Amino acid sequence: MTTGTDPLAPLAQLAGVPEAVAEVRKNVDRLYGHRVMRRRAGEVTSESALRGARASAALDGADWPLEEVRRRTDFGADPEARTVGAALRLSAEAGQLLSVWRTSPLQVLARLHLLAAGDGDPAAGRPRQGGEEAAPLFPKEVAATEGEAPAGPVGELPPPPPPTEAAARLDQLAGLLTARAERPTGGAPALVVAAVVHGELLALRPFGSHNGLVARAAQRIVLTAEGLDPKAICPAEVGLAELGTAAYRRALLGYLEGTPEGVSRWLVHCATGLGLGVRESTAVCEAMQRGMV
């Protein structure tokens, strides 16, 4: 059994992070105590999955209204439809991958990419190889509806590392996660772990396509597996979409800088997104309580 300290634990003490973690924890606990959760938790989980998938697809370039996602059954007609279908498949299967994630996160990531890319893609489920490029993370801008837009232009993301380096760093991340699963207690809060997994996957872009969808699905898996959101009712993807792609990209650039200030900016951004996701599900619970859903 691994007994060493969690290398992610110091990140939880960066400026602004303890307060963000505590605020999210309080709001998540309040949501789980909602009266509707006693009787209709499964419905809240399903609605959260749908709304999270819609938002993740929007961040990946397919910004469809929620009701359009809800009513559609054919997701193979055009690129946007395929993106929405990919997000829905990831959201539907994420909860079934929790036990595998704890022991083999790389296997789960391969499965997530296979689900997103589809059987027809010869690169589905395997990392980029030499000479293969990664698709852009933000093919279309999503305007912010929450928070303040970054002042001035936001820089472009640097290219991902070459496949060999990306694979090595992915192995390191997997080793860190499996060691954490073997550690009895303590370590970094779930929110910090989820944000690091999310950020690393966006930084590495290990696959040729759908890296954003996979990264956000992995974040959701971590939040569930780590016990912060065990019923998967807090769609952080909704909050990330509400904050907009400019703020998302700016926060990710901070993470890529690797400075304490930059990493803190990323962690707080992820916390803010999750908090907005909690607000979304709270509104769903309120609507259910009033008989509107």
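1. A good place to start is the charges. The protein chain carries 31 positive and 34 negative charges, and the mean positions of these two sets lie 6 Å apart. Please keep in mind, here and below, that this is a predicted model.

2. Now the overall fold. The protein chain has 11 helices and 0 strands, so the pattern along the sequence is simply α-α-α-α-α-α-α-α-α-α-α. Its radius of gyration is 18 Å, close to the 19 Å that the globule rule gives for 293 residues, so the chain is as compact as a globular protein of that length. Along the principal axes, the C-alpha atoms fill a box of roughly 55 × 45 × 45 Å.

3. On to surface and packing. Of the 293 residues, 52% count as buried. The accessible surface of the protein chain is about 13000 Å², and carbon and sulfur atoms make up 54% of it. If you take the contacts between residues at least 6 apart in sequence, 75% of them join residues at least 24 apart.

4. The interior deserves a look in your viewer. In soluble globular proteins, nonpolar side chains tend to be buried together. Here the largest nonpolar core has 88 residues, and Trp-101, Leu-109, Leu-112 and Trp-266 have the most contacts inside it. Helix 8 (residues 190–204) gives the largest share of this core, with 11 residues.

5. Trp-101 is a handy residue to centre on. Beyond its neighbours within four places in sequence, Trp-101 is in contact with Val-108, Leu-109, Leu-177, Val-197, Ala-218, Ile-221, Val-222 and Ala-225.

6. Next, try Phe-207, which sits in the loop between helix 8 and helix 9 (211–225). Is this loop residue buried or exposed? Phe-207 has a relative accessible area of 2%, so it counts as buried, the cut-off being under 20%. Not counting residues up to four places away in sequence, Phe-207 touches Leu-109, Ala-110, His-113, Gly-125, Arg-126, Pro-127, Arg-128, Ala-134 and Val-214. One of these partners, Arg-128, is 79 residues away along the chain, yet the two C-alpha atoms are separated by 4.9 Å.

7. Finally, have a look at Arg-220 in helix 9. Arg-220 is buried as well, with a relative accessible area of 8%. Leaving aside neighbours within four places in sequence, Arg-220 is in contact with Ser-48, Ala-49, Gly-52, Ala-232, Cys-234, Pro-235 and Glu-237. As for Ile-233, its C-alpha lies 9.8 Å from that of Arg-220, with the two residues 13 apart in sequence.

Terms used: Residues are numbered from 1 along each chain as its sequence is written. This is a predicted model: local features need pLDDT of at least 70, side-chain atom pairs count only at pLDDT 80 or more; totals for chains, interfaces and linings use all residues. Side-chain values use heavy atoms; hydrogens and water are left out. Helices (H or I, at least four residues) and strands (E, at least two) are DSSP runs, numbered from the N terminus. The radius of gyration is taken over C-alpha atoms; the globule rule is 2.2 Å times the number of residues to the power 0.38. Buried means under 20% relative accessible area, exposed over 50%, partly exposed in between (1.4 Å probe, protein chains only). Contact means heavy atoms within 4.5 Å. Accessible areas come from the Shrake-Rupley method with a 1.4 Å probe; for residues, only the protein chains shown count as cover. Lys and Arg count as positive and Asp and Glu as negative; His and the chain ends are not counted. The place of a charge is taken as NZ of Lys, CZ of Arg, CG of Asp or CD of Glu. A nonpolar core is a set of buried Ala, Val, Leu, Ile, Met, Phe, Trp, Tyr and Cys residues joined through side-chain atoms within 4.5 Å.
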